[in-house]
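Dear colleague,

I am handing over the structure below, and my notes on its cysteines and on one of its sheets follow after it. Please read them with the coordinates open beside you.

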Amino acid sequence: MPSLQFLPFCVTAVILIFVHCAWAVNCKMRSGSTCICDLDDGSGYIDLTPISKSDGTPFFHDIQAGSWKYSYNPCHSFAEDACKNDVATCQIIPGNHGSQATCGRQTGVLFAITGSNPLKGVIKYGGGDKYPGTPRLSYINFTCDESTAEPSFKFTSEKPKGSYFFQMSSKSLCAQKPPPPPQTTKQPTPPGTTAPHHRTPNKNHVSLGTILCICTLMALISYTLVGTSYMYMRRG
């Protein structure tokens, strides 16, 4: 049976899980898009279109970081030296043909929200050129910044090797409100007929993540109560 020495741990775990469930928001990629993700709390969406280019060149071009340069384009692939085909991020040594590598590809892009006020998150691009046998990955840590006129993008680290970390901020990374539903005029029901019944959508839908959080909380609470009761009776 559990010992009282684990009681602080259990209480702390319950608190942490509760806090996480209270503010955690996911951003799901819109079907068929590498550019837009929808916040699952219904508060809006993030659209990278304003900070992308569709002409085959990167929006963020040759950003210097030591002897390397990095290019990044959300939403659409671009080509730069040896970086071709579904490219999201590219690493280049200037003047050294063959020392280029695709560090992440558009296909399979993922969003994760890590904070709010301001909105913060990570965009992950996988499937890059292998280094040496593992595909490269790119992580774009982003921050919503309403005060910036121009977006910023910089390389921050490559630790571990083959995993590239960047920092980006822009007002385009702030959540946009979904458009209001179209206004419809209710037609009068003709005399002697019954108006069709429309099922009202369930606005209180509980997500799978919320269910898992509740189950985990209940299990930890039960574990703590049973353990405490057992030790109390054993000592009494």
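In this predicted model, Cys83 and Cys90 are joined by a disulfide, with an S to S distance of 1.9 Å. The torsion about the S-S bond of Cys83 and Cys90 is about 80°, so this disulfide is right-handed. As for solvent exposure, Cys83 has a relative accessible area of 0% and is therefore buried, and Cys90 likewise counts as buried, at 0% relative accessibility.

The structure holds four disulfides, and another of them joins Cys144 to Cys174, again with 1.9 Å from S to S. About the S-S bond of Cys144 and Cys174 the torsion is about 90°, which means that this disulfide is right-handed. The pair links distant parts of the chain, 30 residues apart, since Cys144 lies in strand E10 (residues 137–144) while Cys174 lies in the loop between strand E12 (163–170) and helix H2 (208–235). With buried taken as under 20% relative accessible area, Cys144 counts as buried at 12%, and Cys174 counts as buried at 5%.

Cys103, by contrast, is in no disulfide, and the nearest cysteine sulfur, which belongs to Cys90, is 6.6 Å away; for a disulfide, the two sulfur atoms would have to be within 2.5 Å. Cys103 is nevertheless buried, with a relative accessible area of 0%.

A further disulfide joins Cys27 to Cys37, with an S to S distance of 1.9 Å, and because the torsion about its S-S bond is about 80°, it is right-handed. This pair also links distant parts of the chain, with Cys27 in strand E1 and Cys37 in strand E2, ten residues apart. Both Cys27 and Cys37 are buried.

That last pair leads to the sheet. Which residue stands opposite Cys37 in E2? The residue is Met29, and strands E1 and E2 (residues 36–39) pair in the antiparallel sense over three bridges. These strands belong to an open sheet of three strands, ordered E1-E2-E3, with antiparallel pairing. Strand E1 (27–29) and strand E3 (45–47) stand at the edges and have a single partner strand each, so one side of each is left without a neighbour in the sheet. From one strand to the next, the twist averages 25°.

With best regards

Terms used: Residues are numbered from 1 along each chain as its sequence is written. This is a predicted model: local features need pLDDT of at least 70, side-chain atom pairs count only at pLDDT 80 or more; totals for chains, interfaces and linings use all residues. Side-chain values use heavy atoms; hydrogens and water are left out. Two strands pair if DSSP finds at least two bridges between them. Helices (H or I, at least four residues) and strands (E, at least two) are DSSP runs, numbered from the N terminus. Axes are lines fitted to C-alpha atoms, for helices over the stretch in contact, and angles run from 0 to 180 degrees between N-to-C directions. Buried means under 20% relative accessible area, exposed over 50%, partly exposed in between (1.4 Å probe, protein chains only).
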